[in-house]
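Q: Please take a close look at one part of this model. I am new to it, so keep the sentences short.

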Amino acid sequence: MHQSRDANSAWSVAVPELPDVEGQRRSLTISLLGRTVLDVTVLDPRVLRNATQSEFEQRLIGCRFGPPARHGKWLILPTDRVTLLLHNGMTGRVYFLAAGALGSETTASPPGNRLIVRVEGGQLRFTDRRALGGVWIADHPGVDIVAITGLQGPDALGIPLGVFQTLLRGRRATVKSTLMDQSVIAGLGNMLSDEICWRARLHPSRAAASLSAEETQKLHRALRWTTRRASECGLIPRTPTWLSSARDKDPAACPRCKAGLRRSRIRGRTALWCPRCQPDNP
Ligand SMILES: [Zn+2]
């Protein structure tokens with residue numbers, strides 16, 4: 001296993017992106033919906049971003065979970081009174097552990113666990129090894145959620161072509177930076193943006209505004225296919241037909257044409273791309 005070369009890149013560690021959060025949302029829709037909060041154990045107070053431990057407990061205990069939602073990389077857990085907003089940061093994960101499965105955990109609070117919300121029949125757990133994610137509590141969905149999440153563009157999953165074309169128009173930033181800008185399109189991170197550029201055969205450093213109508217369509221098709229397929233899996237696949245399969249290799253070969261892949265810095269992030277499939281000046 002390689003050590004992380006770059007804390008911001010997905011080198012060896014998959015940073016959660018839209019598909020991971022979508023997988024969590026689907027799983028919690030089955031396991032958490034309709035359950036009432038019995039008590040809360042805060043193992044690391046830093047995880048609570050806008051409430052003290054006692055405020056958090058007072059507001060959440062007795063609440064009943066509704067259908068989980070997601071926007072971009074944000075997991076939204078509404079209840080009948082308050083809404084929880086969770087961000088996985090670099091290493092976070094939210095999961096439900098049924099009461100019957102609790103015995104399978106080796107300790108009552110495994111390392112990395114930051115928060116345990118005990119509900120009828122099990123526990124909702126937030127684990128985050130690097131503690132860069134967090135949990136927010138909001139009273140009025142739609143009113144104070146944007147103040148917490150910051151401006152979010154439309155969700156990347158299922159974004160229509162017309163909306164995508166409008167979002168890209170006039171943007172001088174690179175294609176990769178634009179795809180990763182949560183205020184433009186919500187949900188894509190380093191790995192997915194590389195995967196999408198590679199599938200569209202577009203160099204990640206091209207200016208978004210320089211794309212032809214045909215190239216924008218190609219990028220949209222790649223975005224749609226990649227986000228859908230990865231969301232079905234609940235993660236970004238590392239199977240041989242995905243660029244992601246080459247991420248941890250050095251030297252790394254393009255899964256499509258076998259040329260040596262390149263890595264370059266684009267606004268502080270490491271882009272992975274193929275010099276043959278993704279020419280700089282087409
Ligand atoms: Zn290639």
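A: What follows is a walk through the zinc site and the loops around it.

This is a predicted model, where local features need pLDDT of at least 70, side-chain atom pairs count only at pLDDT 80 or more, and totals for chains, interfaces and linings use all residues. Residues are numbered from 1 along each chain as its sequence is written, and side-chain values use heavy atoms, with hydrogens and water left out.

The zinc ion has four protein donors: the SG atoms of Cys254, Cys257, Cys274 and Cys277. They lie 2.2 to 2.3 Å from the ion. Donors are N, O and S atoms within 2.8 Å of the metal (3.2 Å for Na, K and Ca); water is not among the atoms, so sites may look incomplete. The site is tetrahedral, with angles of 101 to 114 degrees among the donor atoms. Four donors earn that word if all angles lie between 85 and 135 degrees. The donor spacing in sequence is C-x2-C-x16-C-x2-C. Cys257 sits in the loop between helix 7 (213-233) and strand 9 (262-266), and Cys277 in the segment after strand 10 (269-273), so the pair ties together parts 20 residues apart in sequence. Helices (H or I, at least four residues) and strands (E, at least two) are DSSP runs, numbered from the N terminus.

Cys277 is buried at 7% relative accessible area, while Cys257 is partly exposed at 21%. Buried means under 20%, exposed over 50%, partly exposed in between (1.4 Å probe, protein chains only).

The loop between helix 7 and strand 9 also holds Pro251. A cis peptide bond joins Asp250 to Pro251, with omega about 0 degrees.

Notes: Four donors count as tetrahedral if all angles lie between 85 and 135 degrees; four count as square planar and six as octahedral if opposite donors are over 155 degrees apart and all others between 65 and 115; anything else is irregular.
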